[in-house]
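Visitor: I'd like a quick tour of this one. Could you take me through it with questions and answers?

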Amino acid sequence: MKDINGIPCYRATVDGEDTGMVVVSLVDAPAVDVDFLAFDKQQSLQFKVQDEEQRMVLGVVMRPNYPMYRRDESGWEYFVEYAPETIHKMAEKFFATMNVNNVDTDHSFELVDGVTLVQAFFKDTEKGINPVGFEEMPNDTLFFQYHITNDEIWEGVKNGTWKGFSLAGTFNVVPVEMHKHTDLDEIEDLLKKIENKLNKR
């Protein structure tokens, strides 16, 4: 089983009616370790609107195969990561259940008004989908863009109270198995092949 500094690593799955993403939360420290970009009138050319403040935020909801640290109420520590296919599946389910405007702050589960999802997409460089400011994110990273008309929430975005997205939901987890061949194994195999060739001369 894979571990990170002795802490076990699990992979989330969406494989039941009661599993999936339910709420997107505005937080000060997103688990995906990527802050969102806030677009206002000074940056409106990116949205081709020049006459009024946009109040748009674009950010990462989930990045694939990225281990996120967790600790439950009992103090048990673990990492959880999401495979690309799981992220696609949970996004489709999220839209199918019409939870798209379920937004809270700091995982309070008290939904806020005036935060409307206007765009959702996966990064796909082969199709030219590679948002500016997130070039280091891998393909299959899930992005959400919200229009914020709630004055209090928008002020929190501007002053840095809310820096990114974090999702809440119910997921099953399975252990992440170690790859059979590590980089060190491959190096050792290569050295053995070289040694065998030298011995045959």
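Guide: Sure. A definition before we start: two strands pair if DSSP finds at least two bridges between them. Keep in mind that this is a predicted model.

Visitor: With that in hand, in which sense do β2 and strand β12 pair?

Guide: Strand β12 covers residues 172-175, and four bridges tie it to β2. At least two are needed for a pair, so these strands qualify. Within β12, valine 174 is the bridge partner of arginine 11. The sense of the β2 and β12 pairing is antiparallel.

Visitor: Which way do β2 and strand β7 run, parallel or antiparallel?

Guide: Strand β7 takes in residues 77-81, and three bridges join it to β2. One position to look at is cysteine 9, which stands opposite phenylalanine 79 in β7. As for direction, β2 and β7 run parallel.

Visitor: And β1, which residue in its hairpin with β2 takes a positive phi?

Guide: Strand β1 is residues 3-4, and its pairing with β2 is antiparallel over two bridges. Isoleucine 4 has isoleucine 7 in β2 as its bridge partner. The hairpin has two residues between the strands, and the one with a positive phi, near 55 degrees, is asparagine 5.

Visitor: Why is β2 described as largely enclosed by the rest of the structure?

Guide: Buried here means under 20% relative accessible area. Strand β2 spans residues 7-13, and it is largely enclosed because the number of its seven residues that are buried is five.

Visitor: Moving on, what separates the C-alpha atoms of glycine 164 and phenylalanine 36?

Guide: Glycine 164 is part of strand β11, residues 164-170, and counts as buried at 0% relative accessibility. Leaving out residues up to four places away in sequence, its contacts are Ser25, Leu26, Val27, Pro30, Val34, Asp35 and Phe36. Phenylalanine 36 is 128 residues away along the chain, yet the C-alpha separation is 4.8 Å.

Visitor: Is arginine 63 buried or exposed?

Guide: Arginine 63 lies in the loop between β5 (56-62) and β6 (68-71). The residues it touches include Tyr82, Ile87 and Met137. With a relative accessible area of 15%, arginine 63 is buried.

Visitor: Which backbone oxygen does the side chain of arginine 63 reach?

Guide: That arginine 63 side chain also lies over the face of tyrosine 66, at 3.9 Å from the ring centre. Its polar contact is at 2.8 Å, and the oxygen belongs to valine 32.

Visitor: Now the rings: how are phenylalanine 95 and phenylalanine 144 arranged?

Guide: The whole structure holds 12 aromatic pairs. In this one, the ring centres are 6.2 Å apart and the planes sit at 70 degrees. Planes over 60 degrees apart count as edge-to-face, so the phenylalanine 95 and phenylalanine 144 pair is edge-to-face.

Visitor: How many residues apart are they along the chain?

Guide: Phenylalanine 95 sits in helix α1 (residues 84-96) and phenylalanine 144 in strand β10 (residues 142-148), so the pair links distant parts of the chain. Phenylalanine 95 is partly exposed at 33%, whereas phenylalanine 144 is buried at 0%. Along the chain they are 49 residues apart.

Visitor: What kind of aromatic pair do phenylalanine 121 and phenylalanine 143 form?

Guide: Phenylalanine 121 is in strand β9 (residues 115-122) and phenylalanine 143 in strand β10. Both count as buried, phenylalanine 121 at 16% and phenylalanine 143 at 0%. With 5.2 Å centre to centre and 15 degrees between the planes, the pair is stacked.

Note on methods
Residues are numbered from 1 along each chain as its sequence is written. This is a predicted model: local features need pLDDT of at least 70, side-chain atom pairs count only at pLDDT 80 or more; totals for chains, interfaces and linings use all residues. Side-chain values use heavy atoms; hydrogens and water are left out. Buried means under 20% relative accessible area, exposed over 50%, partly exposed in between (1.4 Å probe, protein chains only). Contact means heavy atoms within 4.5 Å. A polar contact is a pair of N or O atoms within 3.5 Å; within protein, one must be able to donate a hydrogen and the other to accept it, and residues adjacent in sequence count only if both atoms are side-chain atoms. Rings of Phe, Tyr and Trp (its six-membered ring) pair if their centres lie within 6.5 Å; planes under 30 degrees apart count as stacked, over 60 as edge-to-face and the rest as tilted. A charge sits over a ring if NZ of Lys or CZ of Arg is within 6 Å of the ring centre and within 35 degrees of the ring normal.
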